[in-house]
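Welcome, and please open the structure in your viewer. We will go from stop to stop, selecting a few residues each time.

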Amino acid sequence: MPRAVVTGGAGFLGSHLSETLLARGWDVVAIDNLSTGSLGNVAHLRDDPRFTLLEHDIVQGIPLDGPLAGRVDAVLHFASPASPPAYLARGIETLEVGAIGTQHALELTRANEGARFLLASTSEVYGDPLVDPQTESYWGNVNPIGPRSVYDEAKRYAEAITMAYHRTHGLDTHIVRIFNTYGPRLAPGDGRVVSNFLTQAIRGEPLSVYGDGLQTRSFCYVDDEVRGLLALLDAPYHEPVNIGNPDEFTVLELAELVHEVTGTTTPIVHEAIPVDDPRQRRPDITLARELLGWAPTVDLVDGLERSYSAYLAAARG
């Protein structure tokens, strides 16, 4: 059986990746310090003898004994706070896991000759973009000292060190730039707009829209995202690739769809827009289409309905 290590494996994307890898016949070691991940995300995997959860902070190093003794075929590095409230509250920890944690994950890959490495980067490396849509060749418009820089710059550095390990040591590395992803196990009300809106609708609360709500986002359902991530892991390509849904919606349009899907009529309230919040976010996925044969298949209404059902089930226990 091939074996994968998923850092951040009890997080939103990490848990879905672990689940899919197990379904494809892999053994999985998930590493998570549970600062933003949750045991509940992997509770359904704990009885599978091919799944191991190691509670550990990779900033402190990654041990090569115990659960990690023996061959590792792939390292998928997804450890990091990812929602704005989480990384703003853990600024130094976010920078550390992007820098030190990424190097430790790369060294684990290097210790296993021929192993593949997949870095979870982000559309945040484009900052508040001045081009639309964003292609992988765009260098971005990031405020390096703004509040969001702890996440943006952590990921930009992670990309740089990943490419350095590829060029210096010949590691089989891959970099995905993830655009707004949503779905079951995205923590309710974690600060990302889909989870915020669904949670507020379920509670009968007003939907909180930051600024005028005309800023745009592109929302990719988690099943589509994971399919693209694993296609990239298998691809003979080492530079960044956008994986996201190119369909663009304003935040107000999303709020209207949440009303439609949930059957609620809660009012919309406008709040102050966060510093450096991007006005536009839309991926150019030409490279993913051509290189991976990948494109999203779940439209936003379908994805919201699936997510709403999962959130309702979780709320009811």
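How many salt bridges does the structure hold? There are 18 salt bridges in this predicted model. A few of them make good places to begin.

**Stop 1: D48 and R50.** Select these two and show their side chains. They meet in a salt bridge, with N and O 3.1 Å apart. R50 counts as partly exposed, because its relative accessibility is 25%.

**Stop 2: E124 and R148.** Now move on to E124 and R148, whose closest N and O atoms are 2.8 Å apart in a salt bridge. This pair links distant parts of the chain: E124 and R148 are 24 residues apart, and each sits in the loop between β5 (116-122) and α4 (149-169). Are E124 and R148 buried or exposed? Both E124 and R148 are buried.

Keep these two selected and add R217, D277 and R281. Together with E124 and R148, they are linked in a network of salt bridges.

**Stop 3: D190 and R192.** Next, select D190 and R192. They form a salt bridge too, and the closest N and O atoms lie 2.8 Å apart. The two partners differ in their cover: R192 is partly exposed at a relative accessible area of 26%, whereas D190 counts as buried at 13%.

**Stop 4: Q200.** From here, go to helix α5, residues 193-203, and pick out Q200. Why does Q200 count as buried? Its relative accessible area is 13%, and buried means under 20%, so Q200 falls in that class. Now add G189 to the selection: it is 11 residues from Q200 along the chain, and the C-alpha atoms of the two are separated by 7.6 Å.

**Stop 5: helix α6.** Select residues 222-233 to bring up helix α6. At 1.5 Å a residue, its 12 residues should span 16 Å, and the end C-alpha atoms are indeed 16 Å apart, which agrees. The helix is largely enclosed by the rest of the structure, because 9 of its 12 residues are buried. Colour the buried ones if you like: V222, D224, E225, V226, G228, L229, L230, L232 and L233.

**Stop 6: a charged patch.** Finally, turn on the surface and select D247, E260, D299 and E305. What do these residues form? They make up a negative surface patch. One of them, E305, lies in helix α9, residues 300-315. With a relative accessible area of 40%, E305 is partly exposed.

Technical notes
Residues are numbered from 1 along each chain as its sequence is written. This is a predicted model: local features need pLDDT of at least 70, side-chain atom pairs count only at pLDDT 80 or more; totals for chains, interfaces and linings use all residues. Side-chain values use heavy atoms; hydrogens and water are left out. Patches are made of residues with over 30% relative accessible area and no salt bridge: like charges are joined within 9 Å, nonpolar side chains (Val, Leu, Ile, Met, Phe, Trp, Tyr) within 5 Å. Accessible areas come from the Shrake-Rupley method with a 1.4 Å probe; for residues, only the protein chains shown count as cover. A salt bridge is a side-chain nitrogen of Lys or Arg within 4 Å of a carboxyl oxygen of Asp or Glu. Lys and Arg count as positive and Asp and Glu as negative; His and the chain ends are not counted. The place of a charge is taken as NZ of Lys, CZ of Arg, CG of Asp or CD of Glu. Helices (H or I, at least four residues) and strands (E, at least two) are DSSP runs, numbered from the N terminus. Buried means under 20% relative accessible area, exposed over 50%, partly exposed in between (1.4 Å probe, protein chains only). The expected span of a helix is 1.5 Å times one less than its number of residues.
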